[in-house]
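Me: I have a protein model on my screen and would like a close look at a single part of it, rather than a tour of everything. Please pick one part and walk me through it, with enough of the surroundings to keep me oriented.

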Amino acid sequence: MKIIDNLIPIIENFCLTLSNQRTEPKVWQKCDHQGNSYWLTFDPITGLSSYFCNEKEVRMWLDQYHYSQKNR
């Protein structure tokens, strides 16, 4: 039983880490075949992906995402 008692906090921490990672927005910078940069974002809460032409648009999306998370 002692081994199981020692594993429980480790397993709980692992599960908490996994659940926290799933709520963080994901952002990728990509290049098309002509060398033009673009940005892809993913909101794991809504499951929606977005496409942006520049970093400014991504920052605005992130600001909006952060604001909407505070109001949940």
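Reply:
**The strands and their turns**

Of the 72 residues in this protein, 11% count as buried. Please keep in mind that you are looking at a predicted model. Its secondary structure comes to two helices and three strands, and along the sequence the order is α-β-β-β-α. Let's look closely at the β-β-β part, with strand 2 as our guide.

Start with strand 1, residues 26-31, and strand 2, residues 37-43: the two run antiparallel and are joined by six bridges. One place to put your cursor is Lys-26, whose bridge partner in strand 2 is Phe-42. Now follow Phe-42 to strand 3, where Ser-49 stands opposite. Strand 3 covers residues 48-52 and pairs with strand 2 over five bridges, again in the antiparallel sense. Phe-42 therefore gives you a handle on both pairings, with Lys-26 as its bridge partner and Ser-49 opposite it in strand 3.

Next, the turns. Strand 1 and strand 2 form a hairpin with five residues between them, and in that turn Gly-35 has a positive phi of about 90 degrees. The hairpin of strand 2 and strand 3 has four residues between the strands, and here Gly-47 takes a positive phi of about 80 degrees.

The loop between strand 1 and strand 2 also holds Asp-32. The side chain of Asp-32 reaches two backbone nitrogens: that of Gln-34 at 2.9 Å and that of Asn-36 at 2.8 Å. Asp-32 has a relative accessible area of 29%, so it counts as partly exposed.

Back in strand 2, have a look at Thr-41. Its relative accessibility is 1%, far enough under the 20% cut-off that Thr-41 counts as buried. What is Thr-41 in contact with, leaving aside its neighbours within four places in sequence? The list reads Lys-26, Val-27, Trp-28, Leu-48, Ser-49, Ser-50, Phe-52, Val-58 and Trp-61.

Two names on that list, Phe-52 and Trp-61, deserve a second look. The model has two aromatic pairs by the ring-centre rule. In the pair of Phe-52 and Trp-61, the ring centres are 6.4 Å apart and the planes lie at 50 degrees, so this pair is tilted. Phe-52 is buried, because its relative accessibility is 13%. Trp-61 is buried too, with a relative accessible area of 14%. Both of these residues are contacts of Thr-41, which is itself buried.

A word on the cysteines, since a bench eye tends to go there. How many disulfides does a search of the whole structure find? It finds zero. Cys-31 has a relative accessible area of 52%, which means it is exposed, and Cys-53 is exposed as well, with a value of 52%.

To zoom back out, the protein exposes about 6,100 Å², and carbon and sulfur atoms supply 57% of that area. Among contacts between residues at least 6 apart in sequence, 17% join residues at least 24 apart.

Definitions and conventions. Residues are numbered from 1 along each chain as its sequence is written. This is a predicted model: local features need pLDDT of at least 70, side-chain atom pairs count only at pLDDT 80 or more; totals for chains, interfaces and linings use all residues. Side-chain values use heavy atoms; hydrogens and water are left out. Two strands pair if DSSP finds at least two bridges between them. A disulfide is a pair of cysteine sulfur atoms within 2.5 Å. Buried means under 20% relative accessible area, exposed over 50%, partly exposed in between (1.4 Å probe, protein chains only). Rings of Phe, Tyr and Trp (its six-membered ring) pair if their centres lie within 6.5 Å; planes under 30 degrees apart count as stacked, over 60 as edge-to-face and the rest as tilted. Contact means heavy atoms within 4.5 Å. Accessible areas come from the Shrake-Rupley method with a 1.4 Å probe; for residues, only the protein chains shown count as cover. A polar contact is a pair of N or O atoms within 3.5 Å; within protein, one must be able to donate a hydrogen and the other to accept it, and residues adjacent in sequence count only if both atoms are side-chain atoms.
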